Amino acid sequence: MDILKKEMRLNQLEATLKELDDVQAKAEINEKIEAYKNNMMKKLTAWDRVLLARHPKRLTAKDVIECVFDEFMDLHGDRAFEDDQAIVGGIATIEGRAVTVIGQQKGKTTEENIACNFAMPHPEGYRKALRLMKQAEKFNRPIITLIDTPGAFPGIGAESRGQGEAIARNLYEMSGLKVPVIAVVLGEGGSGGALAIGVGNHVYMLENSIYSILSPEGYASILWKDASKAKDAAEAMKLTSYDLREQGIITGIIKEPIGGAHRHPKNTCLNIKDTIMRSLKHFDSYSAFEITKERYNTYRSIGFLQRFNYENLKGVIK
Amino acid sequence: MKSDLLKQAFDKQKAFKKHAISYRKKPLESTKTPDVPKGLYEQCDACKKTFMSEDIVNNRFVCPACHHHFRLRAVDRLSLMVDSHSFIEKGLGYITLDPLFIDGYESKIADYKKRTGLDEAYIYGYAQIKGLPLVIGVMDSYFMMGSMGSVVGEKVTKSIEYAMMKKLPLVMFIASGGARMQEGIYSLMQMAKTSGALKKFNDQGLLFISVLTHPTTGGVTASFASLGDIILAEPKALIGFAGPRVIKQTIKQDLPEGFQRSEFLLEKGMVDKVVDRHHMRDTIHQLLRFHQKEL
Ligand SMILES: [Zn+2]
């Protein structure tokens, strides 16, 4: 039974609770609910986390912006082609300081999702993000990015306008930014489309978010020629927040309430806010040079390989 | 945490000793055969005409009839591009590990090593073109579609750093299917690593020429391949971020004729020039010359 089915069962229990009047019966069923909740979150599989990360009620970037920041003004456009709705961005305040916030926006209804293209940005979206980041650098504002995308959009327009170049340019420019970049993966961290706003000094993941080279479905169909093996792929790919921490890719995990972020959005946002504030304070004592250097070194050191000393081995090679 | 993983993967790497011994016994040499099966005769993929292998090789691996550019092995590319005996390979001795413990990955790598004589899908080193020094890097699409895992990412970064140290121009020949799925998130992060290194390289005022050849797609297009000061492309090469099949599936439409080919990218303003293989060496030499302090 996957997590969504368990959640349905939980919803049923909660519905019964509402209908009951008898105090005794209420207490009993309440106990049952608590036990069920705790049980259902033990031993989550990687696939369960994929489902939670893609949950239709999952917190979106706009939800998080509204809850975590005191003020927010959205800014639009890449000044070259058009305004990409898949990326939201602007200036916000958090505990009395101004920051730039950029996020990938999913919708909750079909209508919303069509408007923001299911959070799959086009090149102009990445260029808008870059424009806002350069603006932040100019005015010495830290940058907070909120990652939640299945990936960059694969389409004729996207390719014609240089999807690859747009992503590459962001990676290139982000590595040199003189202000701290704090990235938080909210739901899906899909491939280069996610990384293009994710080159952070600190990178955090919500507990039930995922971050991977491509979707489990894509992985299964490329490697095993069978998209229906997505569940196995999710396990094999090591894409959960715990995996990424073990692999040394992310800075830390932001805890979610029992049942997943969407069941208690406020608590989740409080945790996100705490993490962001801690991170911001951490960089207060850093100079611009140190900020760039630290970020550069972080990415420079990522790789899973060995090198033997070729000179010393010459004797071995016949 | 990561070091535990490394240790596990390394212990698993039974073939380590064998690696060290079998590693690059033979010096790099041109295979002198185009991509299709070895034999006296070759068929062109594009026009289906048959030619003597020798004729194709002598025509710089270009079809004499229809001008189709055959895929090139890294060593053949080098032999076409740089002055003979000028290439000194750098960055040797990397070992590809299996971070996700995927069945069959290790043996696949061993197999490609044997077949191509390379240790990974990218080689680089010092070379000269008509006497002008440069650092040249070449991807080999015969090595697992030139996909970028940790070792390719590291070697690309090393080649950028080497050029930076020597204050030399850097020329890269790209041929890659994108990121290497078998290495998961590590592959993805190589995009940030290589792009960051190029940013540093750029800040030193050095020249980077990126040459896109068939095929250039995925994570490589979305990182160092697209960051050249000057971007050249070979005729009719497939160049894009998403593959045509994925795009077709997503938008449920047929793709226009010539979509994602070099000429299309030129029209859309994504590459500087489409350069024929016969003129590539001269073009790059001219560009290197333009960037000399004294002409
Ligand atoms: Zn032909």
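**Where chain A meets chain B**

In this predicted model, Q306(A) sits opposite I95(B), a residue of strand 4 of chain B. The pairing here involves strand 9 of chain A, residues 305–307, which runs antiparallel to strand 4 of chain B over 3 bridges.

That strand pair is part of a contact to which chain B brings 70 residues and chain A brings 55 residues. As for its size, the two chains bury about 5700 Å² between them, and 71% of that comes from carbon and sulfur atoms. On the chain B side, the residues that give up the most area to chain A are M181(B), M189(B) and F241(B), which together make up 12% of what that side buries.

There is a polar side to the story too. The interface holds 13 residue pairs in polar contact, counting pairs with both residues at pLDDT 80 or more. Salt bridges across the interface come to 3. In a salt bridge between the two chains, the side chain of E173(A) meets that of K199(B), with 3.8 Å from N to O.

Turning to secondary structure, several elements of chain B each put at least two residues into the side that touches chain A, among them helix 1 (2–12), helix 2 (16–22), strand 4 (94–96) and helix 6 (150–166). Helix 9 (244–251) and helix 10 (262–268) of chain B do so as well. Helix 7 (184–203) is also in that group, and helix 7 of chain B supplies the largest share, 17 residues. Sorted by class, the side of chain B that touches chain A comprises 40 nonpolar, 18 polar and 12 charged residues.

Conventions: Residues are numbered from 1 along each chain as its sequence is written. Chains are lettered from A and ligands numbered from 1 in the order in which they are written. Side-chain values use heavy atoms; hydrogens and water are left out. Contact means heavy atoms within 4.5 Å. Buried area is the accessible area (1.4 Å probe) that two parts lose on being put together, summed over both. A salt bridge is a side-chain nitrogen of Lys or Arg within 4 Å of a carboxyl oxygen of Asp or Glu. A polar contact is a pair of N or O atoms within 3.5 Å; within protein, one must be able to donate a hydrogen and the other to accept it, and residues adjacent in sequence count only if both atoms are side-chain atoms. Helices (H or I, at least four residues) and strands (E, at least two) are DSSP runs, numbered from the N terminus. Ala, Val, Leu, Ile, Met, Phe, Trp, Tyr, Cys and Pro count as nonpolar, Asp, Glu, Lys and Arg as charged, and the others, Gly among them, as polar. Two strands pair if DSSP finds at least two bridges between them.
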